[in-house]
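Dear colleague,

Please find below the structure that I am handing over to you. My notes on what was found in it follow directly after.

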Amino acid sequence: MTDLATFTLAIVGAGPRGVGVLERLSANAPELLGGRRLVVHLIDPFPPGAGRVWRYEQSPLLRMNSMPEDVTVFTDESVRIDGPVRPGPSLIEWVRLVRDGRIGWDVPEGLREEFESLASTDFPTRRLQSLYLTWFYRKVLAELPPGIEVVEHRAPAVRVEDGPPQRVWLDGAGEPVLADAVVLTVGHLDARPDPAERVLQDFAGRHGLAYYPAGYTADVDYSAVPAGEPVLVRGLGLAFVDLMLLLTEGRGGRFEERPGGGLRYHPSGAEPVLHVGSRRGVPYHAKTGYRLRGKPLLLPRFFDAHAIGELAGRPGPLDFRADVWPLIAKELAWAYYTELFTGHPDRVRVEHEVFADAFAGTAWGTSAMDDLIAAAVPAAEDRLDLERLDRPLAGRRYDSAEEFGKAVREYVEADLARRADVRHSADLGAFMALLSVVGQLPALLATGRLSAASQVSEMDGWFHGFFSYYASGPPPRRLEELLALADAGLISFLGTETLVAADEQTGRFTASSASFPETVTARTLIEARLPEPSIPRAADRLLRQMRAAGQLAEETVPDPAGAPLPSGRIATRIQDSRLLDAAGEPHPHRFAMGPHTSIRSAGAFTRPRTNAISFRQNDALARKILQLAADG
């Protein structure tokens with residue numbers, strides 16, 4: 001150890017996850033630290049609490065896609081942990097406490113109007129969330145128990161040398177930070193271009209074009225994207241929504257409310273013309289604007305520890321789509337129909353108890369289940385069709401881009417109407433079930449029973465995409481803005497299964513799709529998405545150094561009956577988050593947590609009273625570190 005009475009911990013990454021671990025260290029220390037001293041070094045070039053993604057210094061146009069009543073950084077009575085629960089205000093509760101003067105906080109001039117008017121069902125700016133996270137960090141510091149000291153380092157870590165003690169080198173520092181233990185809480189990983197992106201990058205360089213590979217939108221400089229020119233964009237998720245705002249309203253345009261509803265966009269003349277496409281060809285679903293009306297949802301119901309245990313007991317490797325998805329789909333349907341039957345009994349033909357008994361005994365995806373639902377739910381719009389939800393325009397062919405654009409408009413308008421109408425609160429039931437399912441997936445992974453191909457392509461790939469599309473979409477106003485920009489001629493839709501190519505003959509990027517026969521050409525191509533996890537292509541200097549030194553490795557997903565597959569993630573031991581080295585051995589004093597590690601933490605903020613897995617993971621890790629410190 002660095003000192004017989006002192007245990008030193010380096011946390012690399014001081015955003016919400018890193019500070020969440022610090023809070024759990026503070027909460028558990030009186031029980032576990034045993035009179036020793038703990039020094040925590042928080043290492044991050046960005047402000048602690050907010051970190052890079054939630055830093056205050058970003059465009060005021062960028063908003064959260066969560067309502068403030070659905071965001072908390074505090075444990076509550078629902079969280080099943082060994083450590084103590086330390087409750088605190090949700091984001092909206094904190095705003096109200098500050099407004100009432102019960103929490104002293106200096107609100108910047110540029111946020112005072114939003115601060116005074118914020119309602120529980122609004123969608124706050126990211127800058128407001130930054131204040132909440134900064135306050136949380138300062139509260140944690142103020143409440144540290146005796147024996148814990150925090151040292152901030154506003155610099156990136158670039159190298160770790162093995163110990164004991166370990167030596168964490170910071171950019172520009174003459175001396176390393178000495179640490180008995182190191183925790184990496186690095187969040188989403190930036191990545192250098194993949195082989196397909198490099199081909200497009202090289203093509204752009206040869207022909208004087210502009211290519212923007214996948215990246216975090218708020219950190220990419222799009223100032224060189226030319227006004228008035230066509231631009232191809234791949235991706236219709238949250239990264240695209242941010243891009244759309246930055247290239248339109250961010251360039252001086254403005255939106256105006258129409259007297260009859262909807263928005264009108266007034267261009268500044270500095271906007272490009274965005275031609276945007278994706279596999280689905282439509283944007284993510286808008287967030288709902290209502291609450292549940294029926295009986296409380298008792299989740300999980302069909303995808304719980306018992307069900308996962310039964311799956312693990314089956315012979316042979318598990319296939320996610322064939323073996324796991326039917327249970328997940330039944331879980332989503334259970335929550336959906338529970339809300340429909342108990343919140344809107346006038347729209348069903350039988351009592352909920354009768355339907356629930358029959359539903360529980362019927363397998364998902366069978367004709368018997370289809371018949372049960374059809375008999376009990378008369379209106380087709382009230383029936384949950386997961387395949388249609390996943391690919392709403394698949395297989396449809398249109399004569400022109402204009403006709404396809406009309407179909408997208410109808411789809412978006414219908415989505416906005418449904419997500420604003422409490423008559424469809426069953427959609428929120430399915431959303432809540434999806435959150436429950438995500439909380440159960442670590443237990444499924446821990447069984448080691450999924451085939452490698454199924455885990456990498458179906459669970460990490462398809463299911464994660466479906467979750468984001470259905471449950472992690474933008475605020476409704478963003479889709480209203482999308483329609484207004486389409487009306488203004490500044491956005492058009494490329495279609496489903498969008499295919500982008502580099503045309504050597506014309507020296508231009510081209511885009512086509514399965515939806516209509518037209519092709520669009522452009523001199524600029526933007527990938528509107530976050531990079532896929534990839535340790536081999538990691539842009540971060542520290543991760544590259546550690547991989548080169550054999551101190552960390554890319555996760556290799558084992559296959560019960562075949563060859564393992566790389567996932568791109570940081571390899572960690574699932575049961576305790578210990579970092580695995582190149583030989584697959586866990587380091588006794590080195591840990592990693594986050595969405596791009598083997599534990600696959602959620603990248604979203606926690607909703608109150610949901611027994612959030614991120615809190616459980618933070619608590620378990622903090623207690624492990626404190627036990628290491630106490631053991632000396």
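How many residues lie between E14 and E15 in their hairpin, and which residue in the turn has a positive phi? Four residues lie between the two strands, and Gly507 in the turn has a positive phi of about 70 degrees. Please note that this is a predicted model.

The sheet around the hairpin

The hairpin belongs to an open sheet of three strands, arranged in the order E14-E15-E16 with antiparallel pairing. Strand E14 (499-503) and strand E16 (520-522) each have a single partner strand and stand at the edges, so one side of each is left without a neighbour in the sheet. From one strand to the next, the twist averages 25 degrees.

E14 is joined to strand E15 (residues 508-512) in the antiparallel sense over five bridges. Within this pairing, Leu499 stands opposite Ser512 in E15, and Ala501 has Thr510 as its bridge partner in E15. Helix H5 (residues 195-207) lies across E14 and E15, and runs at about 135 degrees to E15.

Nonpolar cores

The largest nonpolar core has 54 residues. Leu9, Leu25, Leu38, Val40 and Trp94 are those with the most contacts inside this core. Helix H4 (residues 126-142) gives the most to the core, with eight residues. A second, separate core has 51 residues, including Phe320, Ala335, Phe359 and Leu428.

Val40 may serve as an example of the contacts made in the largest core. Leaving aside residues up to four places away in sequence, Val40 touches Leu9, Ile11, Leu22, Leu25, Ile148, Glu149, Val150 and Val151.

An enclosed helix

Helix H6 (residues 238-246) has nine residues, of which seven are buried, so the helix is largely enclosed by the rest of the structure. The buried residues of H6 are Ala239, Phe240, Val241, Asp242, Leu243, Met244 and Leu245.

Aromatic residues

A search of the whole structure finds 29 aromatic pairs. One of them is the pair of Tyr336 and Tyr337, which is edge-to-face, with 5.0 Å centre to centre and 85 degrees between the planes. Tyr336 counts as buried at 1% relative accessibility, and Tyr337 is buried with a relative accessible area of 1%. Trp462 and Phe463 form an aromatic pair that is tilted, with 6.3 Å centre to centre and 55 degrees between the planes. Both of these residues, Trp462 and Phe463, are buried.

One aromatic cluster is formed by Phe74, Trp94, Trp105, Phe115, Tyr132, Trp135 and Phe136. Trp94 also appears among the residues with the most contacts inside the largest nonpolar core.

Two arginines are placed over tryptophan rings. Arg321 lies over the face of Trp462, at 3.8 Å from the ring centre, while Arg301 lies over the face of Trp334, at 5.1 Å from the ring centre. Trp462 therefore has two partners to look at in the model: the ring of Phe463, with which Trp462 forms a tilted pair, and Arg321 over the face of Trp462.

With kind regards

Methods: Residues are numbered from 1 along each chain as its sequence is written. This is a predicted model: local features need pLDDT of at least 70, side-chain atom pairs count only at pLDDT 80 or more; totals for chains, interfaces and linings use all residues. Side-chain values use heavy atoms; hydrogens and water are left out. A nonpolar core is a set of buried Ala, Val, Leu, Ile, Met, Phe, Trp, Tyr and Cys residues joined through side-chain atoms within 4.5 Å. Buried means under 20% relative accessible area, exposed over 50%, partly exposed in between (1.4 Å probe, protein chains only). Contact means heavy atoms within 4.5 Å. Two strands pair if DSSP finds at least two bridges between them. Axes are lines fitted to C-alpha atoms, for helices over the stretch in contact, and angles run from 0 to 180 degrees between N-to-C directions. Rings of Phe, Tyr and Trp (its six-membered ring) pair if their centres lie within 6.5 Å; planes under 30 degrees apart count as stacked, over 60 as edge-to-face and the rest as tilted. A charge sits over a ring if NZ of Lys or CZ of Arg is within 6 Å of the ring centre and within 35 degrees of the ring normal.
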